[in-house]
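The following exercises concern backbone geometry and burial. Each task is followed by a solution in steps.

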Amino acid sequence: MNSTTSVVLRGTGSALPVRVMRNDEFAATLETSDEWIRTRTGIRERRIAAPEETSISLAIDASQKALEAARLPAHELDLIICATVTPVLMTPSNANYLQAALGCRPIPSFDLTAACTGFLYSISVATQFIQNGAARNVLVVGSETLSRVIDFTDRNSCILFGDGAGAIVLSASTEPNVGVRRTHLYSDGKGAHLIHVPALVSKHTGPIQGVPTSPEFLRMNGREVFRFAVHRMAELMAKAIRDCRELGTEMKLLIPHQVNRRIIDAALEQTGFPADRVMVNLDRYGNTSAASVPIALDEAIREGRTHPGDTVVLVAFGGGLTWGSVILTL
Ligand code: UT7
């Protein structure tokens, strides 16, 4: 990047619904088993939002933790971006609700939709706001309640998804060679039919009343998306390894979008990247779409898997089709 302003990660937070849904619960109503789900995906359980938990309430919880970790009062935020494919309403945006709930000044806030790559797209947008001087402190959130748009009778898709939120605070800094070093974003609408939600209206029954229920659910061609995911993830990783070399740094930890352990393993095999330097928590949360990378990043930092000065690489892929990566020095 050309700008002399660095965009540093100042704090992270995450929030998950209380209810844990284990694989066995699917076997009660579907022709599936814990063994099939574990061996084909690596997922053991996921979190499912209660009626009063929404992609707004989870976002508020994750954001408060991120602001606390950043030691930044909410009134010092200049922008909020919330990546989500499961907003509570089409408008106002989840980000508008966040702005009010956190007690921010009347700053810009908006949702961004790029499916499972949405959080990385949002980091890129936030970085550009900061580097062109329009913002100093930006809250970037990924928050989802996929359980409200999945068809629990479709064993090909329902076993993969879960609910949750992750948030980060990005800030301007004059320190060189830290923060967001590079971002790469892509999309190819020719693959739009491979994973889609035909009409998203939340089935939310909590504090915002009167929202109609949609009969339409997420549909996915799992096998095709799997093929796309392995190809693009390996490509992004190979590029990230080259980028790190050019930047004079090393990829200490890879934080990939969490969907299926077999996708991660296949990409590792193609690139030769060591498995012990990959953050994986899909066994506990499944695929939380735009929330998966920030939740994994928050856990990696809180578990001490990364330290200041380390370069981590975020990689995501999903509906759109979309895919992308972010190289971040902590
Ligand atoms: O974030 C969005 C990105 N989404 C993804 O990245 C999804 C990527 N795709 C996947 O993770 C995998 O394709 C799935 C986990 C969805 C499916 O696994 P798979 O190994 O690709 O299975 P498959 O679709 O090739 O199906 C193999 C068999 C089929 O049966 P037949 O036709 O061989 O008799 C499926 O009907 O497995 C069957 N099957 C299941 N069996 C038991 C599919 N889902 C299930 C299930 N339990 N839950």
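**Exercise 1: Cis peptide bonds**

Task: In the predicted model, locate Pro92 relative to strand E4 and helix H4, and then describe the peptide bond that precedes it.

Solution. Step 1: Pro92 belongs to the loop between strand E4 (79-83) and helix H4 (94-102). Step 2: The bond joining Thr91 and Pro92 is cis, with omega about 0 degrees. Step 3: A second cis peptide bond links Gly320 and Leu321, where omega is about -5 degrees. Leu321 is located in the loop between strand E12 (311-318) and strand E13 (322-329).

**Exercise 2: Positive phi**

Task: Is Ala115 buried or exposed, and is Asn177 buried or exposed?

Solution. Step 1: Most residues other than glycine have a negative phi. Step 2: Ala115, although not a glycine, has a positive phi of about 50 degrees; its place is the loop between strand E5 (109-112) and helix H5 (118-131). Step 3: Buried means under 20% relative accessible area; Ala115, at 15% relative accessibility, therefore counts as buried. Step 4: Asn177 has a positive phi near 60 degrees and is found in the loop between strand E7 (163-173) and strand E8 (179-187). Step 5: Exposed means over 50%; at 56% relative accessibility, Asn177 therefore counts as exposed.

**Exercise 3: Helix H9**

Task: How many residues of helix H9 are buried?

Solution. Step 1: The buried residues of H9 include Ser292, Val293, Pro294, Ile295 and Ala296, as well as Leu297, Asp298, Glu299 and Ala300. Step 2: Nine of the 11 residues of H9 (residues 292-302) are thus buried, so the helix is largely enclosed by the rest of the structure. Step 3: Gly304, which follows H9, has a positive phi near 75 degrees.

Note on methods: Residues are numbered from 1 along each chain as its sequence is written. This is a predicted model: local features need pLDDT of at least 70, side-chain atom pairs count only at pLDDT 80 or more; totals for chains, interfaces and linings use all residues. Side-chain values use heavy atoms; hydrogens and water are left out. Buried means under 20% relative accessible area, exposed over 50%, partly exposed in between (1.4 Å probe, protein chains only). Helices (H or I, at least four residues) and strands (E, at least two) are DSSP runs, numbered from the N terminus.
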